[in-house]
Amino acid sequence: MRAEHRVVPSPRRIGAEMVAIDEGADIDLDLRLEAVSEGVLVTGTVEADTTGECSRCLEPFEGNVSLPVTELFAYRDSETEATTEEGEVYLVEDDTIDLEPVIVDAVGLALPFQPLCSEDCLGLCPECGVRLAIAEPGHGHDILDPRWAGLAAKFGLDAAAGSDAGDKNDSNPEEK
Ligand SMILES: [Zn+2]
Ligand SMILES: [Zn+2]
């Protein structure tokens with residue numbers, strides 16, 4: 001068994017369309033390489049910073065991905081290679097293992113297709129497109145079309161009457 005801890009630059013952008021590890025960004029590999037009968041078993045953690053664009057508010061944001069990896073690299077002519085479809089198993093080639101496709105697959109599966117800058121991102125105003133995180137509190141739009149304004153007033157009155165009635169009902173038991 002051999003432990004390998006290396007920090008390598010990402011050979012290219014790795015990830016999904018809206019969030020990824022940038023080309024050249026550090027990828028931290030903390031791995032155990034074990035000789036097993038069929039090849040080399042690689043286990044450990046892959047960690048890197050990511051950059052992305054929020055799918056809700058479109059702001060750029062930075063994040064981090066940390067993934068467990070477990071992958072067997074089979075020896076050529078091993079039982080595993082012989083019994084596995086070509087391309088379905090990674091191979092030890094010239095005493096070397098190539099972790100890049102393993103990392104590309106793992107990171108691609110782990111990063112979300114619709115990343116968010118924060119869990120509770122408010123997104124954009126559907127009326128004007130302003131980012132609600134920087135809009136004034138209670139940001140909204142009055143309905144200016146007079147045909148709708150009449151309806152809004154009607155519903156506004158109804159709602160007020162309803163809440164008045166509710167208040168009275170609530171206060172009655174206390175007064176008695
Ligand atoms: Zn956002
Ligand atoms: Zn707005």
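This report describes two zinc sites and a set of salt bridges in a predicted model.

**The zinc ion (ligand 1)**

Four cysteine sulfur atoms, those of C54 (SG), C57 (SG), C117 (SG) and C121 (SG), coordinate the zinc ion (ligand 1) at 2.3 Å. The angles among these 4 donor atoms run from 107 to 113 degrees, and the site is accordingly classed as tetrahedral. Along the sequence, the donor residues follow the spacing C-x2-C-x59-C-x3-C. Because C57 belongs to the loop between β5 (39–53) and β6 (60–74), while C121 belongs to the loop between α2 (100–110) and α3 (146–175), this pair ties together parts that are 64 residues apart in sequence. C57 is buried, its relative accessible area being 5%, and C121 is also buried, with a value of 9%.

**The zinc ion (ligand 2)**

The zinc ion (ligand 2) has as its protein donors C125 (SG), C128 (SG), H139 (NE2) and H141 (NE2), which lie 1.9 to 2.3 Å from the ion. With 4 donor atoms and angles of 105 to 115 degrees among them, the site of the zinc ion (ligand 2) is tetrahedral. The spacing of its donor residues in sequence is C-x2-C-x10-H-x1-H. Of the two cysteines, C125 is buried, with a relative accessible area of 7%, whereas C128 is partly exposed, with a relative accessible area of 42%.

**Salt bridges**

Across the whole structure, a search finds 7 salt bridges. The table lists some of them, with the separation given from N to O.

| Salt bridge | N to O distance |
|---|---|
| R6 and E4 | 3.2 Å |
| E81 and R76 | 3.2 Å |
| E93 and R76 | 3.3 Å |

R76 takes part in a salt bridge with E81 and in another with E93. In the second case E93 sits in the loop between β7 (90–91) and α2, and R76 in the loop between β6 and α1 (79–83), so that the pair ties together parts that are 17 residues apart in sequence. The residues around R76 are described by their relative accessible areas as follows: R76 itself is partly exposed at 45%, E81 is partly exposed at 22%, and E93 is partly exposed at 37%.

**The surroundings of E4**

E4 is located in strand β1, which spans residues 2–9. Is the residue buried or exposed? With a relative accessible area of 18%, E4 is buried, because buried is defined as under 20%. Its salt-bridge partner R6, by contrast, counts as partly exposed, at 47% relative accessibility.

The side chain of E4 makes a polar contact of 3.0 Å with the side chain of R2, and a further polar contact, of 3.2 Å, joins the side chains of E4 and R6. Which residues does E4 touch once those up to four places away in sequence are not counted? They are L29, D30, L31 and L33, so that the picture for E4 combines a position in strand β1 with contacts to these residues.

Notes
Residues are numbered from 1 along each chain as its sequence is written. Chains are lettered from A and ligands numbered from 1 in the order in which they are written. This is a predicted model: local features need pLDDT of at least 70, side-chain atom pairs count only at pLDDT 80 or more; totals for chains, interfaces and linings use all residues. Side-chain values use heavy atoms; hydrogens and water are left out. Donors are N, O and S atoms within 2.8 Å of the metal (3.2 Å for Na, K and Ca); water is not among the atoms, so sites may look incomplete. Four donors count as tetrahedral if all angles lie between 85 and 135 degrees; four count as square planar and six as octahedral if opposite donors are over 155 degrees apart and all others between 65 and 115; anything else is irregular. Helices (H or I, at least four residues) and strands (E, at least two) are DSSP runs, numbered from the N terminus. Buried means under 20% relative accessible area, exposed over 50%, partly exposed in between (1.4 Å probe, protein chains only). A salt bridge is a side-chain nitrogen of Lys or Arg within 4 Å of a carboxyl oxygen of Asp or Glu. A polar contact is a pair of N or O atoms within 3.5 Å; within protein, one must be able to donate a hydrogen and the other to accept it, and residues adjacent in sequence count only if both atoms are side-chain atoms. Contact means heavy atoms within 4.5 Å.
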